[in-house]
Protein chains: 2
Amino acid sequence: MAVTTTQVRLASRPVAEPLDSDFEIVTEELPEPAEDQVVLRTLYLSLDPYMRGRMSDAESYADPVPLGGVMVGQTVSEVIASRSDRRAVGDVVLAYTGWQSHAVVDARMTKKLDPDAAPVTTALGVLGMPGFTAYGGLLAIGQPKPGETVVVAAATGPVGSAVGQIAKAKGARAVGIAGGPEKCRLLLEEFGFDAAVDHRSPTLRDDLAAATPDGIDVYFENVGGHVATEVTRRLNRFARVPVCGLVAGYNGTEPVGDHDRLPAFMRRVLTKSLTVRGFIQDEFLPTHGAEFQRDMTGWIADGTVRYLEDVVDGLENTPEAFRGLPAGRNVGKLLVKVAD
Amino acid sequence: MAVTTTQVRLASRPVAEPLDSDFEIVTEELPEPAEDQVVLRTLYLSLDPYMRGRMSDAESYADPVPLGGVMVGQTVSEVIASRSDRRAVGDVVLAYTGWQSHAVVDARMTKKLDPDAAPVTTALGVLGMPGFTAYGGLLAIGQPKPGETVVVAAATGPVGSAVGQIAKAKGARAVGIAGGPEKCRLLLEEFGFDAAVDHRSPTLRDDLAAATPDGIDVYFENVGGHVATEVTRRLNRFARVPVCGLVAGYNGTEPVGDHDRLPAFMRRVLTKSLTVRGFIQDEFLPTHGAEFQRDMTGWIADGTVRYLEDVVDGLENTPEAFRGLPAGRNVGKLLVKVAD
C-alpha cells in the first residue's frame, strides 16, 4: 500500500517577508515503514513565529531547514499504519513532521493524545509548546508576585494570551498589548486582562503609562521593536524580562533607527537592576513540564485559561497563512487543517 | 575648637569629561558636633567610576550631587572629636563624607576599622565596595562553575582584578581585558589570570577568540562599548552577564555607531538563552555580605587574592585624578591621600 505525501518545501531563503516563490509544493511516494515505525496522516499542522528563523541561515538555536527540505513543525496526526506495539491504527498523536500531508516516523517520536481529555488541537497551542512557552518563561524567569504588573505584547496570540491569564491566576495585574481596537476588546472581554493597549495608537507612550500606573515588574518579550522600547522605559527596579521571541525583527523589516539604542538599554539594565533572560521553552521541561500539564489542564477545565484558534483549511494555503503571522493578521493559535 | 573643612564641590554638570571648572574648592567652618556625632579628619578618599553618574542629572539608581554640593564618596577617616560612646578619638573608621578634608557625622554612620587586621585602605577597595561588587556580582549572578570561562574588562582595576581572582578561586578560567601591554603583563604576573587581551589591539576579535577557545560562560560587564560587543559574540549558551557598570559610556564620549546594535544584541540574548542582569552591589549585602568578609579576608591573608593601589597625594588633586579613571590612566584601586 504505497502512500504518497504532499510536501511544502523551502525553495529559497526569504529575504524579508516569505514569497510564494520561496516554497514549492511537491508530491512523492513515501517509503514503506520499517520496524517500530508508523505511517501518519496529518490532521492539523502548527504555524508558529519561530519558523521564520528556520527559513534563514543566520545563526540560531536550531539549524535552518535545508533548501529543498520540508518545512518543519509540529503536527497532530492520525496513525494509518503501524509496525510498532506503541501505536495502533486510529491513534491520534502529536508529531513533528512539518508542512506535509503524510509521513513515516519512528513510533517513539510521537506522543499519543487523548481526544476525550481536551480537543487534540490544544496539543499544538495552549496545552503544547506555545502554552508552555508562556508558563515556563513567566514562572521560571518572570516570577510574578501578587499585585505586580505583567505586560505582554502580541497578547491575543497563543503565547501572549496564556501569559496574561497565568499572570492573573498568580495574582498579578495583566496588561496586554495588541494591534487594533478589536484585539484590545478581546483582551479585556475574552481573556480577562486588566488593561489593553493598542500598539498602533499614536499616543502609545501615554496609553502605556495610564495602563501601568505602578510601572512594570515583568515584561514578557516576544515582539521587540518599538513596543519593547516603550515598555522598557517603564520597567521598575528588579523587573524581569523573559525573552522568547522578537517577531518584529524576524522579517528584517522593522525600521532601523538612525541611532544606536544599545547603550541606553544597557544603562537601564544597570540602573534598574533588570534581569533580561532569553529562553527556549524546552529548557524548562525538566523543572516545569509536569507541573504545566497539571496546572494548564485544570485551568482550561475550570475556565481560568481560555484560548482561541484560527484554523486555515488546506495544506496548499500554508505559506499564505504563515505570511500573516508576523503582521498579526490572525487571532489566536494559527493552525492549518490538512485532513478531517 | 572650630574645625574647618576644605571641600571639592560640584560647580557645574560636566558634559563629557569633567573639567577643572566643573569643580570649586571651598573652605568653611564645620558646625559643632551634636550628641552622638563625631568629627572626622579624612585620611583617604575613594575615587570610583560610579561618581561620574552622580555628576549628571540623568535618571539613575541614586540622586545626583546637587550643584554646589560636596562630591560624594567613601572615605577612611580618623575620629578627632567624639560625642558618642560608639567611637573614641583616634579610631579609624569607614565613612561616606566625600571629597573633603573634615566632616561632622552621626557616629552610627561610621564603621570602625581594625588597622591590625588589614591595611585600612583596603576598606575602600578589595575588602570594600569594589571587592564586594566583584564578589556579589560574580557569585550571585555569574555563578561560575569549575572549568567555565569568565571574562572581565578593566581587569587591572579593583573590581576586575577581584573578579578574575575570585573566578580562579572557584575553579574557573579567568580572562582579563585591559589597555596596553603593561596592564596585560600585570594580569598574568600579578593577578594570575589565565589569559590577557589588549583591547587596543587591532586584532581584538582574533585575540579574544584565541584567549577563549571554549567560548565565554560569564562576562562580568563593567565597561560597555566595543569591548562588550566583541565579548558578546563569543558568549556560550546559558552564559551570564552581570552588569555593574558601563564606564565607556559615562562621559558620553563613546563613539555612537550609525546603526542600531540593540536588535542584534537581543537576538543573541534569545538564541543563546543569555542572562543579562544589572546590579548595585548593596542588593547582595543581606545574602552575601558576611560570607564576603570572611572569604576575602582569608583570600588576602593566604595570597589567593592580591590587590594594587594607586595613591594620589592631596585633596586638591582629586578632580585631576578622577579624570584619569575612565581612560584607565591608573592601575589598581585609585585613592587620594588627604592626610597622614
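A salt bridge is a side-chain nitrogen of Lys or Arg within 4 Å of a carboxyl oxygen of Asp or Glu. With that in hand, two interfaces in this predicted model can be looked at in turn: the one inside chain A, and the one shared by chains A and B.

Inside chain A, the domain assignment gives two parts. Domain 1 is built from two stretches, 4–125 and 308–337, while domain 2 runs over 129–283. Their C-alpha centres sit 28 Å apart. Where the two domains of chain A meet, domain 1 puts in 21 residues and domain 2 puts in 15. About 1400 Å² gets buried between them, and carbon and sulfur atoms give 64% of that. How many salt bridges link domain 1 of chain A to domain 2 of chain A? The count is zero. Polar contacts do turn up, though: three residue pairs, both residues at pLDDT 80 or more, are found across this interface. Sorting the residues on the domain 1 side by class gives 12 nonpolar, five polar and four charged.

Next comes the interface of the two chains. Here 38 residues of chain B touch 38 residues of chain A. The pair of chains buries about 3100 Å², with 59% of it on carbon and sulfur atoms. Salt bridges do show up between chain B and chain A, and the count is four. One salt bridge joins B:Asp260 to A:Arg261, with the closest N and O atoms 2.5 Å apart. That distance fits the rule, because a salt bridge has to have its nitrogen and oxygen within 4 Å. On top of this, nine residue pairs are in polar contact between the chains, again with both residues at pLDDT 80 or more.

Which elements of chain B give two or more residues to the side that touches chain A? They are β12 (235–243), α8 (262–271) and β13 (275–278). The biggest giver is α8(B), with nine residues. By class, this side of chain B holds 18 nonpolar, eight polar and 12 charged residues.

Strand β13 also has a partner across the chains. In chain A, β13 covers residues 275–278, and this strand pairs with β13(B) in the antiparallel sense over three bridges. To pick out a bridge by its residues, A:Thr275 has B:Arg277 as its partner in β13(B).

Conventions. Residues are numbered from 1 along each chain as its sequence is written. Chains are lettered from A and ligands numbered from 1 in the order in which they are written. This is a predicted model: local features need pLDDT of at least 70, side-chain atom pairs count only at pLDDT 80 or more; totals for chains, interfaces and linings use all residues. Side-chain values use heavy atoms; hydrogens and water are left out. Contact means heavy atoms within 4.5 Å. Buried area is the accessible area (1.4 Å probe) that two parts lose on being put together, summed over both. A polar contact is a pair of N or O atoms within 3.5 Å; within protein, one must be able to donate a hydrogen and the other to accept it, and residues adjacent in sequence count only if both atoms are side-chain atoms. Helices (H or I, at least four residues) and strands (E, at least two) are DSSP runs, numbered from the N terminus. Ala, Val, Leu, Ile, Met, Phe, Trp, Tyr, Cys and Pro count as nonpolar, Asp, Glu, Lys and Arg as charged, and the others, Gly among them, as polar. Two strands pair if DSSP finds at least two bridges between them. Domain bounds come from an automatic or database domain assignment.
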